[in-house]
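Colleague: I would like a close look at one part of this model, set against the rest of it. Please take one chain in detail and then place it among its neighbours.

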Amino acid sequence: MRFLHQTTTPAALFVLAAVFVGACGAGNGSSTVPISATTGVQAISGQTVTLVTHDSFWVSEGTLREFTAESGVEVEVQRLGDTGQLVASAILTSGDPLGDVLYGVDNTFLQRALDADLFTPYESPALTGVPASLILDPGHRVTPIDFGDVCVNYWIDAFDDDLPEPSGLADLVDPAYSGMLAVQNPETSSPGMAFLLATIAEYGDGWEEYWSALRHNDVSVTTGWEDAYYGEFIAGGGDRPIVVSYASSPPAEVIYADPPVDSPPTAVLTDTCFRQVEFAGILAGTENRAASEALVDFLLSPTFQEDIPLNMFVFPALEAATLPDEFVDFVKLPDNPHVLDPAMIEANRNDWTERWTDLVLR
Amino acid sequence: MTGRLARFLCVGIPVAFLGLFFIYPVVSILGFGLSGGGLEHLVGLPGSATFRGVAWFTLWQAAVSTVLTVVVALPGAHLVARRRFAGRRLLRALATVPFVLPTVVVGGAFLAVFDRLGMSDGSFRLTHTVWAVLIAHVFFNLAVVLRTVGSYWEGLDPGPEEQARVLGASPAQTFVMVTLPRLRPAVAAAASIVFLFCLTSFGVVLLLGGPGIATIETEIWRHSVWRGDFGAATALALVQLVAVLAVVGVGNGLQRRRAVGLRTVVARAPVAGWWELAANLGLLGLVMGLPVAVLVERSFLSGGGYSLDNYRALAVRVDLLPLTALEALVNSFVFALAATAMAVTVGGLASLVVVHGQRALSRVFDLGLMLPLGASAVTIGFGMLIALDQPPLDLRSSRWLVPVAHALIGVPFVMRTLVPTLRSIDWRLREAAAVLGASPGVVRRRIDFPIAARALVVGAGFAFAVSLGEFGATSFLPRQPDRLTAPLALFRLLGTPGQQLRGQAMALAVVLMVITGFSVLAIETRRGSAGADL
Amino acid sequence: MLRVEGLRVVLGEVFVLDGLDLEGVEGEVLVLLGPSGCGKSTLLRTIVGLERASGGHVAWSEEDLTSAPPHERDFGLVFQDHALFPHMDVASNVAFGLLVAGLPVEGREARVAEVLDLVGLDGFGERRVDTLSGGEAQRVALARSLAPGPRLLMLDEPLGSLDRALRDRLVADLGVLLRGLGQASIYVTHDHDEAFALADRIAVMGEGRIQRIGTVAEVWSDPVSTYVARCLGHENLIELDRSGGCALGRLGDGPGTVLLRPGKLVLSHGLDGIEATVVGSSFRGGRFHLRIAVGDMEILIPAPEAVPVGSGVRLTIGSDPVIPLVT
């Protein structure tokens, strides 16, 4: 058996090494520094906190380093899937959390996360700069960090005086706009869910009637945002001039235009928006409570908040945060976006989506 | 002593790998789900008309996709196995390329092709139909059949076919009565992989099938991720695993029939006739070429004309991403190398056990190591999260977990290409070597290994490609931002409006394809030297 | 020196070898002769260690090899269908045994060249094995087995798949080669002509045992049993009746089978002798062979010239014409 000895041993060592290195490299900052009641910089300096978040999370290179410079706390970011995957993972691992702070649960999933007791309350002093409408958990188990509006977008050039752009949800069932709207399946897409919630917030129990009419008006349903925006909508070469997207889509159409443009080719119907608020919360079971609190405070600091728009294409929760020019120039935020109580969303979403599926897809 | 150690490692390494990274996590998550209402769901499933519809559709689309893939791929397999032509090696490498393309990109390309052919609407509508799903499955899996069967076919003695022709059989009769039965182990191996792939296909079904179509895989995802109903998801995952076990069991049975001898005297392959070449390339071009051509065209489209701008942009980081697209490609490449090394090690050893081990052990290995291919990414991802959380197995956020997850899916490819070839090696060659003084180990190294190297290389190429393009399980594992992989970067680029981002995504997809093509080509050209040492 | 004692091998439920004894002699070519299926191949495979003995011993001089694995026996075996390694060229095939024995490169190259030269394949080293003709492939297989210098070389019907003319030439070459090397060899065949052409000693196998062993002359002139006589190609076996008589007259003392010694029955030129009829004629090896009916018997005798079928002839019988055989 000389051969097996000679050739499999290095391979075996490789695998074993992989396992061992993996095991050793996996220490995710479970520091043994005792929890201190005083949250002084001295007490937490040298600790590492792990920020668990979704795959869309990103901030400029130096932003988190600024936090480390101020507090002495290192931040390790772990990104995991989309919002749904992130929340499901956090619930599954609630006995042994993946990190110290979770950032990225939104109001459509909030109640599910709260019901699972994922978070421990923390009322950040920075909340004073955040509008009360974003603070959806009075118990402060989660802290609002950013928000984004899911709105109906339209291709400006597709409309003119003969056929002006629709003015709101009601127009979308007008036969004049037949075959123009592309939406996403609320069971597979976050903006799709938000748009369904917008119609429920607008029409109450009449939402089913509204969707029957939409279907009658030849609405196109796709699985995700990408195939709606790039497959159906004019921006990606499709033939539909109206699509469910974000309030931040027009500035993106300018920033990432090719060739460059002075103003976006798309605009937003502000009466159709549903507001998605993203929260951060300190995960129950953390051993780095003080450092985690410091991180949540930092997430609401102007440094972090002003870095949010261009990296994540959502809006800072902090009212005083300065927006980049493109967001100032090309974003129209609704004065009264549609909102629904997270508890109500969680209690009804399965029922709503099932009825929606029957109405629109069957 | 070393013999015992070697045998122990042969069995122990695959067992440890599968047990630790698949069985333990899957059992953990299933146990979690069953205790959380899964049992009631399971009991309720047979009575649910919705479930029966979904289950039937899942099996149906997988079966039809598999048959179509085999039918479309066999002429190409014959071409690469039995004919000589310029670019034969290139064609083989190119065929692997679709494998790495993220479904979101391929979906878009297919939709564009349908659109251009006038099939996105009207009576020949393909968009959001089951046909779109089937066509895309053929696109993704063609290479599996082409290469697995092709490499096996190449090693078959052409004598019986020649005999049949001389006895008066037409080429078609010869193929059906002589060739096909002899190819059965390889066809069964390839088909069972394709079937599992289609059974658990996710992106293709959602994107091309549209919102009206659901399979067990998409239902598992919907119930667990969107509805937070782990009980229902677990019941479905159990059903899926049982179906996979059944499929693998049947497939393995079909493969077990021993092929008769690798050829010892080889007639040189004839040069391909132009019509034969044209017909084959035409077919492959239609299924694989068109969507790829659309991608390539889009990747050059920028600033209203054609240029290399999108490719230049890959070296510049956009705000949305922690790394440049090129750095993400490097990450993917490194992960793929690690995953391939693990898949080849585990799959290679397991294949030896399957072929040379005791019967019961052999069957268990043959079955067990195929399972990850048919398990939902949700099951594997969530399972790893809840199982691998305690020292010494606190691997959840280890950088090695991503390649390990990829290797789990790569191992079946290594085994399915290696096992039929190892089985078909003429036992007299081993005896001749033994009599010449080669110990069993030396026989493995000098005879089995070089002869099987061709198959091993094909399997390794697939493991590499699978890892490069893997998106599902990866997205369930926590990763640091600087470990961004190319498919994830691509997904992020496509998730924000702006032609610039889209163009860059297309360029990234094309680079991913080219890297795959070259890597596979490079691995394969090395095989010529194997075993020829004096 | 090879010693096989009481060897028993069971394949399935059948005793293929059943208490077989065999001793080799230093430097000789021993030919193992027997019909297809008599266990010759099994014996070789057991001697080299590819089959497991269920009883008895295989030894080299005082060294018991019964349970040694094949690669530790230092024997060579040339397979009937060559079993050349398809993934190696000719030189690598020939070098294989040297490589696994750990010989350094220079030594291997020199030995490979030497052995290839020996089998007449000088310069074939870089040829792919799938481009060789049958005879070339056989010689490569031989070279491969000779290269490590095995203490015993076994050849399992190595020429079975070749045409007659090539076979005759290769047998002759092989005899010269093996004797020139003083290589102890066991050569298995079912063809008695091949056996006589090559053998120092012949062992005739049947029923899982060696039925007769000895020099070519010894065995040919006294096969002892009808079985061995038939294996050796003796054609004129005669059944005697209770009184020892047959159509040729009284040839023995009682019932049994006897072998008519070659040359003891000839065509008579005179009018005396036993009456017989020619029923067949063939030409082989430069002579005519007549099939002649005498009473209820048929006998084959050589003749210098053709005799038309149907002619009547007369036969003369010499003294001491038969050897008694055991059935």
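Colleague: Take chain C: which domains is it divided into, and in what order do the strands of its six-stranded open sheet run? After that, add what you can about the other chains.

Modeller: Bear in mind throughout that this is a predicted model. Chain C is split into domain 1, covering 2–231, and domain 2, covering 248–325. Between the C-alpha centres of these two domains of chain C the distance is 38 Å. Their contact draws on six residues of domain 1 of chain C and four residues of domain 2 of chain C. On the domain 1 side of that contact in chain C, three residues are nonpolar, two are polar and one is charged.

Now the six-stranded sheet. It is an open sheet of chain C with the order E6-E7-E8-E3-E9-E10, and its pairing is mixed. Strand E6 (75–78) and strand E10 (209–215) of chain C are the edge strands, each paired on one side only. From one strand to the next, the twist averages 20 degrees. Within this sheet, strand E7 (residues 152–156) of chain C runs parallel to strand E8 (residues 185–189) of chain C, and four bridges join the two. One residue pair can be picked out on the display: Asp156(C) has Val188(C) in E8(C) as its bridge partner. Helix H4 (residues 134–146) of chain C lies across E6 and E7 of chain C, and its direction is at about 175 degrees to E6(C).

Chain C has another open sheet, made of three strands in the order E11-E14-E20, with antiparallel pairing. The edges here are strand E11 (237–240) and strand E20 (322–325) of chain C, and each pairs on one side only. Ignoring direction, neighbouring strands of this sheet are turned by 35 degrees against each other on average. Strand E14 (residues 256–260) of chain C is joined to E20(C) by four bridges, and the two run antiparallel. Thr257(C) has Leu325(C) as its bridge partner in E20(C). As a general point, strands of a sheet pair through backbone hydrogen bonds, in either a parallel or an antiparallel way.

One backbone detail of chain C deserves a check on screen. Val224(C) is not a glycine, yet its phi is positive, near 75 degrees. Val224(C) sits in the loop between helix H7 (216–221) and helix H8 (226–231) of chain C. With 17 other C-beta atoms within 10 Å, Val224(C) is classed as partly exposed.

A residue of chain A invites comparison. Phe313(A) also has a positive phi without being glycine, with a value near 55 degrees. Phe313(A) is in the loop between helix H12 (308–312) and strand E10 (315–316) of chain A. Because Phe313(A) has 24 C-beta neighbours inside 10 Å, it counts as buried.

Chain A has two further places to look at. A cis peptide bond links Asp258(A) to Pro259(A), with omega at about 0 degrees. Pro259(A) belongs to the loop between helix H9 (249–255) and strand E9 (266–283) of chain A. The other place is helix H8 (residues 225–232) of chain A: eight of its eight residues are buried, so this helix is largely enclosed by the rest of the structure. Among the buried residues of H8(A) are Trp225(A), Tyr229(A) and Tyr230(A), and also Glu226(A), Asp227(A) and Glu232(A).

As for how the chains meet, two pairs of chains are in contact, and chains A and B share the most contacts. No contact joins chain A to chain C, and their closest C-alpha atoms are 11 Å apart. The contact between chains A and B takes 73 residues from chain B and 65 residues from chain A. Helix H1 (residues 2–44) of chain B gives the largest share of the chain B side, eight residues. By class, the residues on that side of chain B are 37 nonpolar, 24 polar and twelve charged.

Chain B itself holds 22 helices and two strands. Its radius of gyration is 23 Å, close to the 24 Å that the globule rule gives for 534 residues, so chain B is as compact as a globular protein of that length. Along its principal axes, the C-alpha trace of chain B spans about 65 × 55 × 50 Å. Of the 534 residues in chain B, 60% are buried. Among contacts in chain B with a separation of 6 or more, 83% are between residues 24 or more positions apart.

Methods
Residues are numbered from 1 along each chain as its sequence is written. Chains are lettered from A and ligands numbered from 1 in the order in which they are written. This is a predicted model: local features need pLDDT of at least 70, side-chain atom pairs count only at pLDDT 80 or more; totals for chains, interfaces and linings use all residues. Two residues are in contact if their C-beta atoms, placed from the backbone, lie within 7 Å. Ala, Val, Leu, Ile, Met, Phe, Trp, Tyr, Cys and Pro count as nonpolar, Asp, Glu, Lys and Arg as charged, and the others, Gly among them, as polar. Domain bounds come from an automatic or database domain assignment. Two strands pair if DSSP finds at least two bridges between them. Axes are lines fitted to C-alpha atoms, for helices over the stretch in contact, and angles run from 0 to 180 degrees between N-to-C directions. A residue is buried if 20 or more other C-beta atoms lie within 10 Å of its own, exposed if 12 or fewer, and partly exposed in between; C-beta atoms are placed from the backbone. The radius of gyration is taken over C-alpha atoms; the globule rule is 2.2 Å times the number of residues to the power 0.38.
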